[in-house]
Amino acid sequence: MIWIEDGLSNVRLQVASAEGGVLVLLDCFADGWEARVDGRRETLFAANLAFRAVKVPAGSHEVSFNFAPRSVREGLLLSGCGW
C-alpha cells in the first residue's frame, strides 16, 4: 500500500493484492464519506462499527475516500439563498 494523499477530507492510496479483500482505514466512519476504486464509486461500510472499509478486487488499484457531508452542501445552498 502506498499513500498518495492523506488530507482531512481526501485520502488516496495505491493498493495491490493477489486475491482482493477489504481495505480498512482506522479512521472514524461517518455519513458523508464516499469511496472510489479506480474512479468508480463503491459501497463504503463500517468495519467493527467504527472504521471506514471498502471491498477491493484482486490486482493493483487506486482507492480514494472523499468527505462531502450533505449538511455542508445544504448549508451552502441555504446561505447562498439567504445572501
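A nonpolar core is a set of buried Ala, Val, Leu, Ile, Met, Phe, Trp, Tyr and Cys residues that are joined through side-chain atoms within 4.5 Å. In this predicted model, the largest such core has 13 residues, and those that touch the most other members are Leu 13, Val 15, Leu 23, Val 54, Val 56, Val 63 and Phe 65. Strands β2 (10-17), β3 (21-28), β4 (33-37), β7 (51-56) and β8 each contribute at least two residues to this core. In soluble globular proteins, nonpolar side chains tend to be buried together.

Val 15 serves as an entry point to this region. Leaving out residues up to four places away in sequence, Val 15 touches Leu 23, Val 56 and Val 63, and the list of its contacts also holds Met 1, Gly 59, Ser 60 and His 61. Three of the names in that list, Leu 23, Val 56 and Val 63, appear again among the core residues that touch the most other members.

The core can now be placed in the chain as a whole. The chain has eight strands and one helix, and, read from the N terminus, the order of these elements is β-β-β-β-β-β-β-β-α, so that the helix follows the strands, helices and strands being numbered here as DSSP runs from the N terminus. The C-alpha atoms fill a box of roughly 55 × 25 × 20 Å along the principal axes, and the radius of gyration of the chain is 15 Å, where a compact globule of 83 residues would have one near 12 Å. Of the 83 residues, 23% are buried. The chain exposes about 5,800 Å², of which carbon and sulfur atoms supply 57%. Among contacts between residues at least 6 apart in sequence, 57% join residues that are at least 24 apart. As for charge, the chain carries 8 positive and 10 negative charges, and their mean positions are 6 Å apart.

A pair of residues on two of the strands is worth following next. Arg 41 lies in strand β5, which covers residues 40-42, while Ser 64 has its place in strand β8, residues 59-67. The two are 23 residues apart along the chain, and their C-alpha atoms are separated by 9.3 Å. Is Ser 64 buried or exposed? Ser 64 has a relative accessible area of 11% and therefore counts as buried, since the cut-off for that class is under 20%. Arg 41, by contrast, has a relative accessible area of 57% and is exposed, because exposed means over 50%. Beyond its neighbours within four places in sequence, Ser 64 is in contact with Val 11, Arg 12, Glu 34, Ala 35 and Arg 36. Arg 41, with residues up to four places away set aside, touches Glu 34, Ala 35 and Arg 36, so Glu 34, Ala 35 and Arg 36 are contacts of Arg 41 and of Ser 64, contact meaning heavy atoms within 4.5 Å.

The last stop is the loop between β6 (44-47) and β7, where Asn 48 is found and where Leu 49 also lies. Most residues other than glycine have a negative phi. Asn 48, although not a glycine, has a positive phi of about 55°, and Leu 49, likewise not a glycine, has a positive phi of about 65°. Asn 48 counts as exposed at 68% relative accessibility, and Leu 49 is exposed as well, with a relative accessible area of 83%.

Notes. Residues numbered from 1 in each chain as written. Predicted model: local features only at pLDDT ≥ 70, side-chain atom pairs only at ≥ 80, totals over all residues. Heavy atoms only, no water. Helix = DSSP H or I, 4+ residues; strand = E, 2+ residues; numbered from the N terminus. Rg over C-alpha atoms; globule rule 2.2 N^0.38 Å. Buried < 20%, exposed > 50% of the residue type's maximum accessible area, 1.4 Å probe, protein only. Areas by Shrake-Rupley, 256 points an atom, 1.4 Å probe, with all protein chains shown as cover. Lys, Arg positive; Asp, Glu negative; His and termini not counted. Charge placed at Lys NZ, Arg CZ, Asp CG, Glu CD.
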